[in-house]
Amino acid sequence: MKIHIRNPRLIDPRNGIDTQCDLFIAAGRVVGIGNPPVAFHANQTIDADGLIACPGLVDISARLREPGFEYKATLESELKAAVAGGVTSLACPPDTDPVLDEPGLVEMLKYRAKQLNLAHVYPLGALTRRLEGKQLTEMNQLMEAGCVGFSQANAPLTDTQVLRHALQYAATFGLTVWLRPEDAWLARGGVAHDGEVAARLGLPGIPSSAETIALATILTLVEDTGARVHLCRLSTRDGVEMVRQAKARRLPVSCDVAAHQLHLTEHDIGYFETHCHLKPPLRTQRDKEALRTGVADGTVDAVCSDHTPVDDDAKLVPFAESEAGATGLEFLLSLTLKWAQESGIALPAALARVTSEPARLLQIDAGHLSVGAVADICLFDPEHYWKVDPQALLSQGKNTPFLGLELPGKVRWTLVAGQIAHRA
Amino acid sequence: MHASIPPSLPDAERLVDALTAQLRPLLGQDPALVGIHSGGAWLAQRLRDELGGDIPLGALDISFYRDDFKRIGLHTQTKPSNIPFEVEDRHIILVDDVLYTGRTIRGAMNELFDYGRPARITLAVLVDRGGRELPIEAQVVGARLHLLPGQNLELLRDGNGRFSLKLHEGS
Amino acid sequence: MNNPQLDKNGRLKHLLSIEGLPKDILTQILDTAESFAGVSEREVKKVPLLRGRTVCNLFFENSTRTRTTFEIAAKRLSADVVSLHIGTSSQSKGETMLDTVNNLVAMHADIFVVRHAQSGAAHFIARHVAPHVHVINAGDGRHSHPTQGLLDVFTIRRYKPDMHNLRVAIVGDILHSRVARSEIHALTTLGVPEVRVIAPKTLLPEYVERLGVHVYHDMRQGLKDVDVVMMLRLQNERMNGALLPSAQEYFKCYGLTPDKLALARPDAIVMHPGPMNRGIEIDSAVADGTQSVILPQVTYGIAVRMAVMSMLAGSGE
């Protein structure tokens, strides 16, 4: 299959390209930029007038719900949602049932994902068995099975001795540990930011200090063990500041935020809107501004969807009883564009946060469009606004706090390894 | 007596005099006056002053007894009913300004019976305008008029306590 | 954001919380309750207003006392009353809360009185019931208990009619109290110029001052010259733990005793939503003393609940 993409605006953040030029694809790879290779005869020409071509998005946190939670979503439904959102590579956390703590499970997941021939799937292995925070997993074998990092997902790891050992063991093999900084005791029972809205609605709160205390512990242990740690889903201003200082001290840490955190605050909970029940909780306007600044100045390396499809029954209950999370794969591009627009960020810099930077964190060869690279490409119309209609989402999870909103950026074509995976 | 649309409304003050004269013979039965909020309550108060002295006086707000609650809901302004005497075995003179369909009187009698069982109820109204929808009649009447369904007769009270009648044409 | 409590004509459709209710609606509820207060003193303590309507008390959390006052109020309005204690039984059978509610709607319930341990439960039900059904929140988690808040301000208005010239102190576990939140919103909406909360820091929510109250930690300072003292119940499970060391120490610091009450204005009234913990948040000498209006609160509670039900039932389909 040879494809000629005619006249898009090509944005490739890693290679510093932002120009109007044609793209040529053959045998699943990019074979020409600007000019075709000799004797190139396209089977298909895509007219990309008015579209932006960028590397397929790399989402470092998307729950696919398989195995174990097929009533919430399936591999097939969520990978279709991924390519519909322009996402061609994604990392999935290990909180499935059973937990991804055995090489066989990881191999099966990778195999099944590959059969579907949609987005590339990179599992994160469990850091501890059954995510119980007690016994380490066989990280070395899990890595060989295809795990790109090791994570506790949202499960607490309260025993700091286990945490220290996990970091030491991971450092031995140069593995990256992914941790969401949240003190389990301070977060216990909490469902919303411990602030004005929680006080008004009578919801149990999670204070900002739950994040900063956990960060202080983790950063101290990083310094102590030399382990490389990726900090997931920062939510507070002080948390961003701590990471900024840690990076200035050249600690081997990176971090991400969920795209919805750049747009929502505790006030969006309104009258107990369960779609705004999220982990970590939506915080204040001041926190939101600090997260935006952090993404802009590079303190925050990547923006992810934190895609969490939840079934209706788990959201149709009182707020505190509802399951946390929002569907996100089909929103990652639009929410990134909206942030860039509102914060005056140039498109290449904004797109780097969802392409080249997350690829670097995962240490995978993706997120760029050099000649010879795998042709994972997203073609989108930046001028098209779409209205969020849950029934039109491909994800099985219809749970979104952006219901009814108009968002910028419509994905027209998604190519995975040179094949057309999505067309709209 | 059986005029169609009256060229001019009767003088309310004269009607008060007429009512007073008709009620005076009943005083021997030790009655109590109960006015229906709001025009009937003004009138009952005035009648007690005219009749002289110590007749017990009460007032009813029949908001909770209206039969059109399901259609129009509760009035935004309700006043507490106030019956500061025993209703049981008492002769009650129920007073209202205008008698029309009879539904207000039905509500008032229902409410009255929730206070006790009166020995007797006499209905006194300033104007009977016709148009009854229930088998209710007044024993003491100041004037009888024949008004059209859309018309609405209202009792007004000025700063000096003087009464007058006002006719509103239907919308 | 639409106010889920009002219909499109601005009339009360559900009573879910005091917050968000305009002052004129609060005043209308209190005025209507005045009229109903008289009904309770008559030989027949009943009016025919809700004849043919069905009020369903839906208690996911037990409270004999609140349920009883709602039952009496509904019966005095001539409604048919069904009371269900749902507890955890039908929920553990796999039936969701919405299943339970929709079953009762199918049986033609007109008004739901809902009590639930989770904040927002009444909002949730109101959002998902058929449009002709009305919901009254009888307490949801820590969030709101609007009829309690209303009966408290009704009581205050009876004893201290000039609301614009009052100092009110609310004492105790503000953090976990739906009653306190409702009282605060009711008092500030009705124009009470100074509302104080008195509690240790462990029993106050973050940013409580944004609700428009003055914060005191010392009860003797907080009670100085107040006109109304509203005590809150301290739940048993909070008495010994990380929030408070012991009931004895709590009583010493925050229990209402005659000598502490003496710091308030001489004609100050003392209130409590019940049930009281004598000797923990309130001394018996105060609870049974001349300044206590705790029993009148209970009586007025029925009139206030009658007013709310009749206003909802009259707001149409």
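The radius of gyration here is taken over C-alpha atoms, and the globule rule is 2.2 Å times the number of residues to the power 0.38. This is a predicted model, in which local features need pLDDT of at least 70, side-chain atom pairs count only at pLDDT 80 or more, and totals for chains, interfaces and linings use all residues. Residues are numbered from 1 along each chain as its sequence is written, while chains are lettered from A and ligands numbered from 1 in the order in which they are written.

**Exercise 1. Test chain C against the globule rule.**

Step 1. Chain C has 317 residues, so a compact globule would have a radius of gyration near 20 Å.
Step 2. The value for chain C is 19 Å, which agrees.
Step 3. Add the extents: the C-alpha trace of chain C spans about 55 × 45 × 40 Å along its principal axes.
Step 4. Add burial. A residue is buried if 20 or more other C-beta atoms lie within 10 Å of its own, exposed if 12 or fewer, and partly exposed in between, with C-beta atoms placed from the backbone. In chain C, buried residues make up 50% of the 317 residues.

**Exercise 2. Split chain C into its domains and describe their contact.**

Step 1. Domain 1 of chain C covers 23-144 + 300-313, and domain 2 covers 146-297. These bounds come from an automatic or database domain assignment.
Step 2. The centres of the two domains, taken over C-alpha atoms, are 26 Å apart.
Step 3. Two residues are in contact if their C-beta atoms, placed from the backbone, lie within 7 Å. Domain 1 of chain C gives 20 residues to the contact, and domain 2 of chain C gives 20 residues.
Step 4. On the side of domain 1 that touches domain 2, α1 (23-39), β4 (134-140) and α12 (294-313) of chain C each supply at least two residues. Helices (H or I, at least four residues) and strands (E, at least two) are DSSP runs, numbered from the N terminus.
Step 5. Sort that side by class: nine nonpolar, six polar and five charged residues. Ala, Val, Leu, Ile, Met, Phe, Trp, Tyr, Cys and Pro count as nonpolar, Asp, Glu, Lys and Arg as charged, and the others, Gly among them, as polar.

**Exercise 3. Work out which chains touch.**

Step 1. Two pairs of chains touch, and the most contacts are between chains A and C.
Step 2. Chain A and chain B do not touch; their nearest C-alpha atoms are 27 Å apart.
Step 3. The contact of chains B and C takes 15 residues from chain B and 18 residues from chain C. The chain B side has six nonpolar, six polar and three charged residues.

**Exercise 4. Find the buried side of α1(B).**

Step 1. Place the helix. Chain B has four helices and seven strands, in the order α-β-α-β-α-β-α-β-β-β-β.
Step 2. Helix α1(B), residues 12-23, reaches 16 Å from its first C-alpha to its last, close to the 16 Å expected at 1.5 Å a residue. The expected span is 1.5 Å times one less than the number of residues.
Step 3. Ala12(B), Leu15(B), Leu19(B) and Leu23(B) are buried in α1(B). They cover an arc of only 70 degrees around the axis, so they lie on the same side of α1(B). The arc is that of the directions from the helix axis to the C-beta atoms.
Step 4. Glu13(B), Arg14(B), Asp17(B) and Ala21(B) are exposed on the other side.
Step 5. The cover over the buried residues includes α2 (39-51) and β3 (91-99) of chain B.
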